[in-house]
Amino acid sequence: MIRLGLPDRDVVKIGLGDDATVRFDAYPGETFDGRVTEIAEAADPASGTFEVEVALVGGPSKLKSGFIASVDVFPSDQASHTVIPIEALVEGNGR
């Protein structure tokens with residue numbers, strides 16, 4: 001299990017069960033599949049981040065507490081939005 005801290009602007013984008021890719025410094029060049037299993041309801045007062053737990057699906061058998069990991073979380077519920085170029089906008093009074 002990997003614990004990471006996310007700021008509020010990122011934690012609102014993810015949900016339980018979202019997929020993740022994990023890389024460990026101890027296993028260079030290898031990636032491992034993970035899944036979000038827990039999201040804190042409140043921020044840590046010391047860091048201001050929300051603790052998120054990611055469980056490995058499979059993964060290396062020789063993990064040790066304290067390994068350094070990089071985690072990419074892929075939100076499953078991505079809101080669709082439309083991008084409008086700034087040049088296409090005009091002021092409300094027609095100018």
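Two strands are taken to pair where DSSP finds at least two bridges between them. In the predicted model described here, R3 of strand β1 has E53 as its bridge partner in β4, and β1 and β4 pair in the antiparallel sense over five bridges.

The protein chain comprises one helix and five strands. Read from the N terminus, these elements follow the order β-α-β-β-β-β. Of the 95 residues in the chain, 21% are buried. Among contacts between residues at least 6 apart in sequence, 58% join residues at least 24 apart.

The five strands form an open sheet, ordered β1-β4-β3-β2-β5, with antiparallel pairing. The edges are occupied by β1 (residues 2-6) and β5 (residues 69-74); each has a single partner strand, so one side of each is left without a neighbour in the sheet. On average, and with direction ignored, neighbouring strands of this sheet are turned by 40° against each other. In a regular strand, side chains alternate between the two faces of the sheet.

The pairings can be followed across the sheet from the β1 edge. After the β1-β4 pairing, with its five bridges, β4 (residues 50-57) is joined to β3 in the antiparallel sense over six bridges. Within this pairing, D33 stands opposite V57 of β4, and I39 has V52 of β4 as its bridge partner. Strand β3 (residues 32-39) is in turn paired with β2 (residues 19-24), again in the antiparallel sense, over four bridges. Three residues of β2 illustrate the register of this pairing: D19 is matched with R35 of β3, A20 with G34, and V22 with F32. At the other edge of the sheet, β2 and β5 pair in the antiparallel sense over six bridges, and R23 stands opposite S70 of β5 in this arrangement.

Two residues of the loop between β4 and β5 differ in their exposure. P60 is found in this loop and is buried, because its relative accessible area of 14% falls below the 20% cut-off. Leaving aside neighbours within four places in sequence, P60 is in contact with F24, Y27 and F32. One of these partners, F24, is 36 residues from P60 in sequence, and the C-alpha atoms of the two are 9.7 Å apart in space. F32, another of the partners of P60, is also the residue of β3 that is bridged to V22. S65 likewise lies in the loop between β4 and β5, but S65 counts as exposed, because its relative accessibility of 84% is over the 50% cut-off. S65 and M1 are 64 residues apart in sequence, with a C-alpha to C-alpha separation of 9.4 Å.

Both M1 and S65 also belong to the lining of the largest pocket. This pocket holds about 210 Å³ of space. The lining consists of M1, I2, R3, F24, L56, L63, K64, S65, G66 and F67. By class, six of these residues are nonpolar, two are polar and two are charged. R3, the residue bridged to E53 in β4, is one of the lining residues, as is F24, which is in contact with P60.

The loop between α1 (residues 8-11) and β2 contains K13. Not counting residues up to four places away in sequence, K13 touches D18 and P75. K13 and V73 are 60 residues apart in sequence, while their C-alpha atoms are 9.7 Å apart in space.

Terms used:
Residues are numbered from 1 along each chain as its sequence is written. This is a predicted model: local features need pLDDT of at least 70, side-chain atom pairs count only at pLDDT 80 or more; totals for chains, interfaces and linings use all residues. Side-chain values use heavy atoms; hydrogens and water are left out. On a 1 Å grid over the protein atoms alone, a cavity is a set of points where a 1.4 Å probe fits but cannot get out, and a pocket is an open set with protein on both sides within 12 Å along at least five of seven lines; lining residues have an atom within 4 Å of a point. Grid points are joined across faces, edges and corners, and a volume is the space filled by probe spheres set on the points. Ala, Val, Leu, Ile, Met, Phe, Trp, Tyr, Cys and Pro count as nonpolar, Asp, Glu, Lys and Arg as charged, and the others, Gly among them, as polar. Axes are lines fitted to C-alpha atoms, for helices over the stretch in contact, and angles run from 0 to 180 degrees between N-to-C directions. Buried means under 20% relative accessible area, exposed over 50%, partly exposed in between (1.4 Å probe, protein chains only). Contact means heavy atoms within 4.5 Å.
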